[in-house]
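Hi there,

Here is the structure I promised to pass on. Have a look at it first, and then read on for what turned up.

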Amino acid sequence: MRNIILSVLGLLLIAGSIFFAINIIDSKTRPKPRTSKVIKTVFVDTIQNQAIPIQIAANGNLTAKRRLELYAEVQGIFRGGSKLFKTGQKYQKGQALIRIDASEYYASVQSAKSTLYNLITSIMPDLRLDYPEIFEKWQAYLNSFDMNKATPKLPEITSEKEKYFITGRNIYTTYYNVKNLEQRLAKYTITAPFDGVLTEALVNEGTLIRQGQKLGEYIDTGIYEMQVAIGKEYGDLLRIGKSVTLANLNKTKTYTGIVTRINGRVDQATQTITAFIEVEEPSLKEGMYLEASLDAKNEENAIEIDRSLLQEGNKIFVVKDSVLDVVDVNPVYFSDKKVVLKGVPNQTVILSKSVPGAYAGMLIKVYQEKKRTNVMSGDNTVSTAKNQ
């Protein structure tokens, strides 16, 4: 009997504990967490459509417009001149760049000139007797003949008899042989065709120069050209004589160039057109890398914004009653950092700086700058802040 009573009491105790625990659980109320709304502050701009100049960016290396590659057409020993044949050496027009020893060949030329002189001298007695009317002009030619100067041009033939007589004495053949030798003799000295500087020197004084050997390069440092590739869609906008702004990589110096030539063929691989920009500036050097900005055209009723503000290629965020919205736009030109858009109404308020995590319907707060104004009161200055 005692055991039964203890068992019943134990069950009642367990049941009471369970019931009490259930009541405690049911009576506990948990407050719902409040979601805090984060309102981001954004920078905005008010749109005003206007004419946006579209500038085509291009780049390239400068090359001298006038360049001379020096090659030897004759063979001989390289003789020194008034200036050393070294890289960076400057020359003026007409100065000798290279002198090749021509003493042996010069003797051959003088021998040929002497033969011509002797031939003409031998026909003078016959001219005096048979053709006295032409004797004086051939005598004047002999008097002007100087062995140390270039061979003068033969007198002009005035009759068929004179022509046959002179040709039969082999004078024409000898004359043109002499002129040919003189032309080759002139190739032993290479002179500067324009003011410039030697950019490459491949031979030294005393070197044996062979025919066809490259000797160096010579350029004009006054005028340079830059070759740039422009998209074919802007080919009809380029004009010869158009001014172009050039700048170095650091954007510390700018130069003004002019479009001088435009290739009439489109490169099939890149679909670009080659244009050449001429620039004159003493501080420029061949091989310098420059960036060019070509004014292609003005896009009317358009705006220009950062490319980071463009969403999905044709959308931008606008602000309507402190809420972000998305509108469609029409991009007409892309540069490295900017994009030109059309189709945005005037007075539309758009984001001027991108906002991470932005979405349509997002609550925002427009950033307003504070301006400080100085209020003069007697000798004291009171600084006050106003919110615009």
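Below is a short tour, from the whole chain down to single residues.

Please keep in mind that this is a predicted model.

**Overall form**

The chain holds 24 strands and 5 helices. Its radius of gyration is 46 Å, whereas the globule rule gives 21 Å for 388 residues, so the chain is more spread out than a compact globule. The C-alpha trace fits that picture, spanning about 180 × 75 × 55 Å along its principal axes.

Of the 388 residues, 30% are buried. The accessible surface adds up to about 25,300 Å², and carbon and sulfur atoms own 51% of that. If you look at contacts with a separation of 6 or more, 71% of them join residues 24 or more positions apart. As for charges, there are 50 positive and 41 negative ones, and their mean positions lie 10 Å apart.

**The nonpolar cores**

In soluble globular proteins, nonpolar side chains tend to be buried together. The largest nonpolar core here has 41 residues, and the members touching the most others are I98 and L127. At least two residues each come from β7 (96–100), α2 (103–130), α3 (132–144), α4 (160–168), α5 (171–186) and β11 (214–219). Helix α2 is the top contributor, giving 8 residues to this core.

What does I98 touch, once neighbours within four places in sequence are left aside? Its contacts are L70, F78, F85, Y188, T189, I190, I209 and L215.

There is also a second core, separate from that one, with 29 residues; I52, V228, Y234 and Y333 are among them.

**A closer look at I316**

One more residue to pull up in your viewer is I316, found in strand β17, which covers residues 315–320. Is I316 buried or exposed? With a relative accessible area of 2%, I316 is buried, because buried here means under 20%.

Setting aside neighbours within four places in sequence, I316 is in contact with I305, L309, L310, D325, V326, V327, V329, L341, V344 and I350. The last of these makes a nice example of a sequence-distant partner: I316 and I350 are 34 residues apart in sequence, yet their C-alpha atoms are 7.6 Å apart in space.

Happy to chat about any of this whenever it suits you.

Best wishes

Technical notes
Residues numbered from 1 in each chain as written. Predicted model: local features only at pLDDT ≥ 70, side-chain atom pairs only at ≥ 80, totals over all residues. Heavy atoms only, no water. Helix = DSSP H or I, 4+ residues; strand = E, 2+ residues; numbered from the N terminus. Rg over C-alpha atoms; globule rule 2.2 N^0.38 Å. Buried < 20%, exposed > 50% of the residue type's maximum accessible area, 1.4 Å probe, protein only. Contact = heavy atoms within 4.5 Å. Areas by Shrake-Rupley, 256 points an atom, 1.4 Å probe, with all protein chains shown as cover. Lys, Arg positive; Asp, Glu negative; His and termini not counted. Charge placed at Lys NZ, Arg CZ, Asp CG, Glu CD. Core = buried A, V, L, I, M, F, W, Y, C linked by side-chain atoms within 4.5 Å.
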